[in-house]
Amino acid sequence: MEVQEGGAIWRVVLDTPKANILDAEKMASLTRTFEEARGEAGLKALLIEGEGEHFSFGASVPEHLPGKFEEMIPAFHRMFRALWDTSVVTVAAVRGQCLGGGLELAAFCHRVVASPIAKLGQPEIVLGVLAPVASVILPERMGRPAAEELLLTGRILPAAEALERHLVDEIAEDPAEAALAWIRKHLLPRSASSLRHAVAAARVGWRARFLEALDEAEHVYVHDLMSTADAAEGLRAFLEKREPVWRDA
C-alpha cells in the first residue's frame, strides 16, 4: 500500500502472482487494510489497482474446492464487509483482465476506470459455480437484466461495452492516473469527515439489503450449490484443463 497526499489517498495494489489472484493470504491482507482504513480520520479515497498487466483473474480456483471453500467464501465476504465499513470513497483502476472475484471487488467501488483494452466478466458459471457478491452488487450497478446476463452466461465484456452497460464509469489509457486525477479534483478539496458521512448516507438504504442478500447468497453457495456434483466437477475440470462432464445433479 502507498500513502499519498499526506494520507488523504491510499493506493492499494493487488500484487499476487499469478495475475493478482485473490487467495486466502491476499484476502486477509486486504481485510486488514480496509479495517485500518476505517480508523484513518484524514483518509478520503482508496484507489485499488492491479500490479502489472491485469487487475485480477479473481479468487483462487483451488480454494473453491470442497474442504477449502467452507473457509474461503466467508473470508472473501468478510473482506467486503470490512470495505463497506471504511465509509471511504473507493475507486478501481482496471487494466487487462478483471474477472470473477476481481470484478466483484472493482464493481463494489464507487467508481471504476478501465483501460480501452480491459476485459471484465463473471465466468463462475462456466466452472459450474456462482458469484455471491456479484449476484448482489451487479444488479445495483448495471440494472438487473444486464447483471443477470453476465451472471448466467459468463460472458466477458470489452471495456467499451462495460462502459455502455454502466459496469465502468470511465475509459482512459492510464486508468490509475485518470482515477487519481478524479480523486484530486473531486475529493481532495472536500472534508474527510463529511465525505465519510456522505458515503454512509448515499448507501444507507442499500447497506441492509446488501448484508442480508449477501448472507442469503452465501447460504446458496455453501449449502446448496456445493452439495451438487457439478460444482466440484466444473472446478476440477478447469484445473485439469479439460471439458466438464455435467451430471445435472
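**Reading a predicted model**

Modeller: Ser87 sits in the loop between H2 and S4. Keep in mind that this is a predicted model.

Biologist: What makes the phi of Ser87 worth a remark?

Modeller: Its sign. Phi of Ser87 is about 55 degrees, a positive value, although Ser87 is not a glycine. Asp248 is also listed with a positive phi, near 55 degrees, and is a residue other than glycine. Asp248 lies in the segment after H10.

Biologist: What kind of peptide bond joins Pro17 and Lys18, and how do you know?

Modeller: Look at omega. The value is about -10 degrees, and the bond is cis. Lys18 is in the loop between S2 and helix H1 (24–38).

Biologist: Now the helices. How are H2 and H9 oriented to each other, and how do you know?

Modeller: Start with the angle. The axes of helix H2 (residues 69–85) and helix H9 (residues 204–224) cross at roughly 170 degrees and come within 11 Å. Angles over 145 count as roughly antiparallel. H2 and H9 are therefore roughly antiparallel to each other.

Biologist: Which residues in H2 and H9 meet?

Modeller: From H2, they include Phe69, Ile73, Phe80 and Trp84. From H9, they include Trp206, Phe210, Leu214 and Tyr221. The residues of this contact divide into 11 nonpolar, one polar and five charged.

Biologist: On to the sheet. Why are S1 and S9 called edge strands?

Modeller: Check their partners. Strand S1 (2–4) and strand S9 (170–171) each pair on one side only. The strand order is S1-S2-S3-S4-S6-S9, in an open sheet of six strands with mixed pairing.

Biologist: How do you know that S4 and S6 pair?

Modeller: Count the bridges. Two strands pair if there are at least two bridges between them. Four bridges join strand S4 (residues 89–94) to strand S6 (residues 111–114), and the two run parallel. For Ala92, the bridge partner in S6 is Val112.

Biologist: What packs on the sheet, and at what angle to S4?

Modeller: Helix H3 (residues 101–108) packs there, touching strand S2 (9–14), strand S3 (45–50), S4 and S6. The directions of H3 and S4 make about 135 degrees. That value falls outside the roughly parallel, perpendicular and antiparallel ranges, so it counts as oblique.

Biologist: Last stop, the largest pocket. Which residues are closest to its centre?

Modeller: Phe57, Ala59, Val61, Leu127 and Phe238, out of 28 that line the pocket. The space inside is about 620 Å³. H2, H3 and helix H10 (229–239) each supply at least two lining residues.

Biologist: How does the lining divide into nonpolar, polar and charged?

Modeller: The lining has 19 nonpolar, five polar and four charged residues.

How values were computed:
Residues numbered from 1 in each chain as written. Predicted model: local features only at pLDDT ≥ 70, side-chain atom pairs only at ≥ 80, totals over all residues. Heavy atoms only, no water. Contact = heavy atoms within 4.5 Å. Axes fitted to C-alpha atoms, helices over the stretch in contact; angles between N-to-C directions. Parallel < 35°, antiparallel > 145°, perpendicular 65-115°, else oblique. Nonpolar A, V, L, I, M, F, W, Y, C, P; charged D, E, K, R; others polar. 1 Å grid on protein atoms, 1.4 Å probe; cavity = no way out; pocket = protein on both sides within 12 Å on 5 of 7 lines; lining within 4 Å. Points joined across faces, edges and corners; volume = space filled by probe spheres on them.
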